[in-house]
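Here are my notes on the model, written to be read with the structure open beside them. I've gone through it piece by piece, so dip in wherever you like.

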Amino acid sequence: MQETQNYQNHTRWLAPFHFFLSPLLLVSLIYFSVRIFQDPSWDRGMFLLLLVGIITISFLSRTQALTVQNRVIRLEERLRYKDILSPDLAARAIKLKTSQMIGLRFASDEELPDLVERTLGGEFETTKDIKLAVKNWRGDHLRA
(Lines give C-alpha, C1' and ligand atoms only; values in the text may rest on other atoms or scores of the structure.)
Protein backbone atom coordinates (compact mmCIF):
# COMPACT_ATOMS: atom_id res chain seq x y z
CA MET A 1 0.00 0.00 0.00
CA GLN A 2 1.33 3.42 -0.92
CA GLU A 3 1.80 6.17 1.62
CA THR A 4 -0.99 8.74 1.79
CA GLN A 5 0.11 11.66 -0.31
CA ASN A 6 0.02 15.29 0.81
CA TYR A 7 1.78 18.55 -0.01
CA GLN A 8 4.80 17.70 2.14
CA ASN A 9 5.52 14.35 0.48
CA HIS A 10 4.14 14.70 -3.06
CA THR A 11 7.41 15.59 -4.79
CA ARG A 12 8.66 12.69 -6.86
CA TRP A 13 12.38 12.01 -6.90
CA LEU A 14 13.57 9.71 -9.64
CA ALA A 15 16.54 8.24 -7.77
CA PRO A 16 18.65 7.13 -10.76
CA PHE A 17 18.30 10.57 -12.35
CA HIS A 18 18.32 12.91 -9.34
CA PHE A 19 20.76 11.07 -7.06
CA PHE A 20 23.07 9.22 -9.46
CA LEU A 21 23.15 10.56 -13.02
CA SER A 22 22.86 14.29 -12.28
CA PRO A 23 25.56 14.36 -9.57
CA LEU A 24 27.84 12.10 -11.64
CA LEU A 25 27.52 14.35 -14.68
CA LEU A 26 28.00 17.51 -12.62
CA VAL A 27 31.15 16.19 -10.90
CA SER A 28 32.47 14.96 -14.25
CA LEU A 29 31.82 18.33 -15.87
CA ILE A 30 33.69 20.15 -13.10
CA TYR A 31 36.57 17.66 -13.14
CA PHE A 32 37.08 17.70 -16.91
CA SER A 33 36.63 21.48 -17.10
CA VAL A 34 39.45 21.88 -14.59
CA ARG A 35 41.60 19.25 -16.35
CA ILE A 36 41.28 20.92 -19.76
CA PHE A 37 42.62 24.17 -18.29
CA GLN A 38 45.42 22.39 -16.43
CA ASP A 39 46.57 20.37 -19.41
CA PRO A 40 44.78 21.33 -22.65
CA SER A 41 44.53 18.73 -25.39
CA TRP A 42 42.21 17.89 -28.28
CA ASP A 43 41.23 14.64 -26.58
CA ARG A 44 40.18 16.41 -23.38
CA GLY A 45 38.34 19.06 -25.40
CA MET A 46 36.42 16.45 -27.36
CA PHE A 47 35.64 14.53 -24.17
CA LEU A 48 34.35 17.72 -22.54
CA LEU A 49 32.13 18.42 -25.58
CA LEU A 50 30.84 14.85 -25.45
CA LEU A 51 30.10 15.25 -21.74
CA VAL A 52 28.18 18.49 -22.40
CA GLY A 53 26.19 16.61 -25.06
CA ILE A 54 25.35 13.80 -22.63
CA ILE A 55 24.26 16.34 -20.00
CA THR A 56 22.08 18.08 -22.57
CA ILE A 57 20.49 14.80 -23.68
CA SER A 58 19.78 13.71 -20.10
CA PHE A 59 18.06 16.96 -19.18
CA LEU A 60 16.17 17.20 -22.47
CA SER A 61 14.84 13.66 -22.02
CA ARG A 62 13.67 14.50 -18.50
CA THR A 63 12.09 17.75 -19.71
CA GLN A 64 10.29 15.99 -22.56
CA ALA A 65 8.89 13.36 -20.20
CA LEU A 66 7.58 16.10 -17.90
CA THR A 67 6.09 17.98 -20.85
CA VAL A 68 4.17 14.88 -21.96
CA GLN A 69 3.08 14.29 -18.37
CA ASN A 70 1.73 17.84 -18.17
CA ARG A 71 -0.23 17.37 -21.39
CA VAL A 72 -1.77 14.17 -20.02
CA ILE A 73 -2.63 15.91 -16.75
CA ARG A 74 -4.28 18.74 -18.69
CA LEU A 75 -6.37 16.23 -20.68
CA GLU A 76 -7.32 14.25 -17.57
CA GLU A 77 -8.34 17.38 -15.71
CA ARG A 78 -10.45 18.69 -18.59
CA LEU A 79 -12.32 15.38 -18.66
CA ARG A 80 -12.66 15.49 -14.88
CA TYR A 81 -14.03 19.04 -15.05
CA LYS A 82 -16.75 17.89 -17.46
CA ASP A 83 -17.75 15.10 -15.04
CA ILE A 84 -17.62 17.02 -11.77
CA LEU A 85 -18.18 20.72 -12.43
CA SER A 86 -21.32 22.44 -13.59
CA PRO A 87 -21.35 23.00 -17.39
CA ASP A 88 -20.77 26.75 -16.91
CA LEU A 89 -17.86 26.28 -14.50
CA ALA A 90 -16.37 23.49 -16.65
CA ALA A 91 -16.44 25.80 -19.68
CA ARG A 92 -14.66 28.53 -17.71
CA ALA A 93 -12.18 26.06 -16.18
CA ILE A 94 -10.91 25.11 -19.64
CA LYS A 95 -9.26 28.55 -19.67
CA LEU A 96 -7.07 27.73 -16.65
CA LYS A 97 -3.33 27.66 -17.25
CA THR A 98 -1.69 24.25 -17.35
CA SER A 99 0.20 25.08 -14.15
CA GLN A 100 -3.10 25.81 -12.39
CA MET A 101 -4.60 22.53 -13.61
CA ILE A 102 -1.50 20.75 -12.32
CA GLY A 103 -2.09 22.22 -8.87
CA LEU A 104 -5.83 21.48 -8.93
CA ARG A 105 -5.36 17.82 -9.87
CA PHE A 106 -4.62 17.04 -6.22
CA ALA A 107 -8.00 18.40 -5.05
CA SER A 108 -10.66 15.90 -4.07
CA ASP A 109 -13.83 15.83 -6.16
CA GLU A 110 -15.76 17.49 -3.32
CA GLU A 111 -13.51 20.54 -3.03
CA LEU A 112 -12.68 20.91 -6.73
CA PRO A 113 -15.57 23.27 -7.65
CA ASP A 114 -14.69 25.73 -4.89
CA LEU A 115 -10.96 25.65 -5.69
CA VAL A 116 -11.62 26.12 -9.42
CA GLU A 117 -13.80 29.17 -8.63
CA ARG A 118 -11.12 30.58 -6.34
CA THR A 119 -8.42 29.95 -8.94
CA LEU A 120 -10.45 31.59 -11.69
CA GLY A 121 -11.03 34.49 -9.33
CA GLY A 122 -7.29 35.04 -9.04
CA GLU A 123 -7.00 34.08 -5.39
CA PHE A 124 -3.91 31.93 -5.95
CA GLU A 125 -0.69 33.33 -7.39
CA THR A 126 1.24 30.08 -7.81
CA THR A 127 0.72 26.36 -8.19
CA LYS A 128 2.10 26.00 -4.68
CA ASP A 129 -0.67 28.24 -3.33
CA ILE A 130 -3.29 26.02 -4.98
CA LYS A 131 -1.71 22.86 -3.59
CA LEU A 132 -1.54 24.36 -0.10
CA ALA A 133 -5.28 25.18 -0.28
CA VAL A 134 -6.17 21.53 -0.93
CA LYS A 135 -7.59 19.97 2.23
CA ASN A 136 -8.47 16.47 0.99
CA TRP A 137 -5.46 15.45 -1.07
CA ARG A 138 -6.03 13.20 -4.08
CA GLY A 139 -2.71 11.39 -4.56
CA ASP A 140 -0.94 10.98 -7.88
CA HIS A 141 1.52 8.10 -7.57
CA LEU A 142 2.11 7.53 -11.30
CA ARG A 143 4.05 10.69 -12.15
CA ALA A 144 7.14 10.75 -14.33
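1. Let's begin with Thr119, which sits in helix α5. Keep in mind that we're looking at a predicted model. Is Thr119 buried or exposed? Its relative accessible area is 3%, so Thr119 counts as buried, the cut-off being under 20%. Setting aside residues up to four places away in sequence, Thr119 touches Leu96, Gln100, Leu104, Phe124 and Ile130.

2. One of those partners, Gln100, deserves its own look. Gln100 belongs to helix α4 and is buried too, at 16% relative accessibility. Beyond its neighbours within four places in sequence, Gln100 is in contact with Thr119, Thr127 and Ile130. So which residues should you click on here? Ile130 is a handy one, as it appears among the contacts of Thr119 and among those of Gln100. For a sense of spacing, Gln100 and Val116 are 16 residues apart along the chain, and their C-alpha atoms are separated by 9.0 Å.

3. Val116 also turns up where α5 meets α2. How do these two helices pass each other? The axes of α2 (residues 42-84) and α5 (residues 112-120) come within 11 Å and cross at roughly 115°, and the crossing is left-handed. On the α2 side the contact is made by Arg80, Tyr81 and Ile84, and on the α5 side by Leu112, Pro113 and Val116. Sorted by class, that gives five nonpolar residues, one charged and no polar ones.

4. Now α2 itself. Its 43 residues should span 63 Å at 1.5 Å a residue, and the end C-alpha atoms are 62 Å apart, which agrees. The buried residues of α2 are Gly45, Leu48, Leu51, Ile55, Ser58, Arg62, Gln69, Ile73, Glu77, Arg80 and Tyr81. If you're wondering what covers them, the cover includes α1, α3 (87-93), α4 (98-104) and α5. Note that Arg80 and Tyr81 are on the buried list and also take part in the contact with α5.

5. Not every isoleucine in α2 is tucked away. Ile57 is in α2, yet it counts as exposed, with a relative accessibility of 59% against a cut-off of over 50%. Ile73, by contrast, is among the buried residues of α2. Ile57 and Ile73 are 16 residues apart in sequence and 24 Å apart in space, C-alpha to C-alpha.

6. On to α1 (residues 15-38). This helix has 24 residues and reaches 33 Å from its first C-alpha to its last, close to the 34 Å expected. There is a bend, though: α1 turns by about 30° at Leu21, and a proline, Pro23, follows within four residues. Phe17, Ser22, Leu25, Ser28 and Ile36 are the buried residues of α1, and α2 is part of what covers them.

7. Last stop, Ile36, which lies in α1. Ile36 is buried because its relative accessible area is 17%, with the cut-off at under 20%. What does it touch? Leaving out residues up to four places away in sequence, Ile36 touches Ser41, Arg44, Gly45 and Leu48. Gly45 and Leu48 are themselves among the buried residues of α2. Ile36 and Phe47 are 11 residues apart in sequence, with 9.6 Å between their C-alpha atoms.

Key:
Residues numbered from 1 in each chain as written. Predicted model: local features only at pLDDT ≥ 70, side-chain atom pairs only at ≥ 80, totals over all residues. Heavy atoms only, no water. Axes fitted to C-alpha atoms, helices over the stretch in contact; angles between N-to-C directions. Left-handed = near helix turned anticlockwise from the far one by under 90°. Contact = heavy atoms within 4.5 Å. Nonpolar A, V, L, I, M, F, W, Y, C, P; charged D, E, K, R; others polar. Buried < 20%, exposed > 50% of the residue type's maximum accessible area, 1.4 Å probe, protein only. Expected span 1.5 Å × (residues − 1). Bend = angle between axes of the 7 residues up to and from the residue.
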